[in-house]
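Reader: I should be grateful for a close look at a single part of this structure. Please take one element and describe its surroundings in a connected account.

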Amino acid sequence: MDLTQNVRAVQEKIAAAARAAGREPGEIALCAATKVQTDETIRAAIAAGIRLCGENRVQELTAHLGADAYAGAEVHFIGHLQTNKVKQVVGNVSLIHSVDSTRLLQAVELQADKLGIVQDILLEVNTAREESKGGCMPENLPALAEQAMKCPHVRLRGLMAIPPVSTLSGSNRKYFAQIRHFLVDIIGKIADNHSVVDCLSMGMSADYEDAIAEGATLVRVGTALFGARPPIHG
Ligand SMILES: *Cc1c(COP(=O)(O)O)cnc(C)c1O
């Protein structure tokens, strides 16, 4: 595996997908999904041009932060977040992708207030209504967005979704399009027009080009950069 080559290849595919959709390549951020990777691999990815890392597990985030492994890059939290672990995340990452309940939103608000900061967040939506997945149900999204807009220490930046594992090329485009419509709806409902709510975090190794065609502004890519992970780590 050649990390430098993989980073370049993914960057080129992102740029090509953007142009094909009539978009500027610079509109799309590449977030390296670094779960199960070592400090060394993360440093190598940053040396190869990665400017944003996404962590799934609080324990890994804390360890990599302790080792200063993300130096030179921004860090986002992209995994499921338990309310009792917000202390380790709020203030340590520039964006939390996975706020999906009032309870979690309130815990993030409380911790950000304690720290005297404003935490940027995305709301995660369970677009395909999969039982096994995190994310709020689409019908609950407007109310959750409204609550987020009222939190003084939280800034709502957009939406994140993890559609079903795509088997066929193009099979997730309908979900990506739905997620974009959800964002447009939310923007339409937000009275306060000072907020920039424009982030669409969607698309992974198997389908990020389709996500870009449907408006993704941030793609989370692991396997295409780092190779396959051991199966237990999904
Ligand atoms: C692991 C992970 C990714 C990247 O998945 P790949 O298929 O390896 O690209 C993206 N988003 C989240 C939330 C993840 O946990």
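How many of the six residues of strand β5 (residues 119-124) are buried, and what does this say about how the strand is placed in the structure?

Author: The model is predicted, and the account below concerns that model. Six of the six residues of β5 are buried, so the strand is largely enclosed by the rest of the structure. Burial here means under 20% relative accessible area. This holds for both faces of β5: Gln119, Ile121 and Leu123 point one way, Asp120, Leu122 and Glu124 point the other way, and all are buried.

The strands paired with β5 may be taken in turn. Strand β4 (residues 95-99) runs parallel to β5 and is joined to it by two bridges. In this pairing, Leu123 of β5 has Val99 opposite. Between β4 and β5 the chain passes through helix α4 (residues 102-115), and the resulting β-α-β crossover is right-handed.

Strand β6 (residues 154-160) also pairs with β5 in the parallel sense, over six bridges. Here Leu123 stands opposite Leu159 of β6. Leu123 thus has a partner in each of the two strands, Val99 in one pairing and Leu159 in the other. The connection after β5 is made by helix α5 (residues 141-150), and β5, α5 and β6 together form a right-handed β-α-β unit.

In summary, β5 is paired in parallel with β4 and with β6, and a right-handed crossover links it to β4 through α4 and to β6 through α5.

How values were computed: Residues are numbered from 1 along each chain as its sequence is written. This is a predicted model: local features need pLDDT of at least 70, side-chain atom pairs count only at pLDDT 80 or more; totals for chains, interfaces and linings use all residues. Side-chain values use heavy atoms; hydrogens and water are left out. Buried means under 20% relative accessible area, exposed over 50%, partly exposed in between (1.4 Å probe, protein chains only). Helices (H or I, at least four residues) and strands (E, at least two) are DSSP runs, numbered from the N terminus. Two strands pair if DSSP finds at least two bridges between them. A crossover is right-handed if, with the strands pointing away from the viewer, the path from the first strand over the helix to the second runs clockwise.
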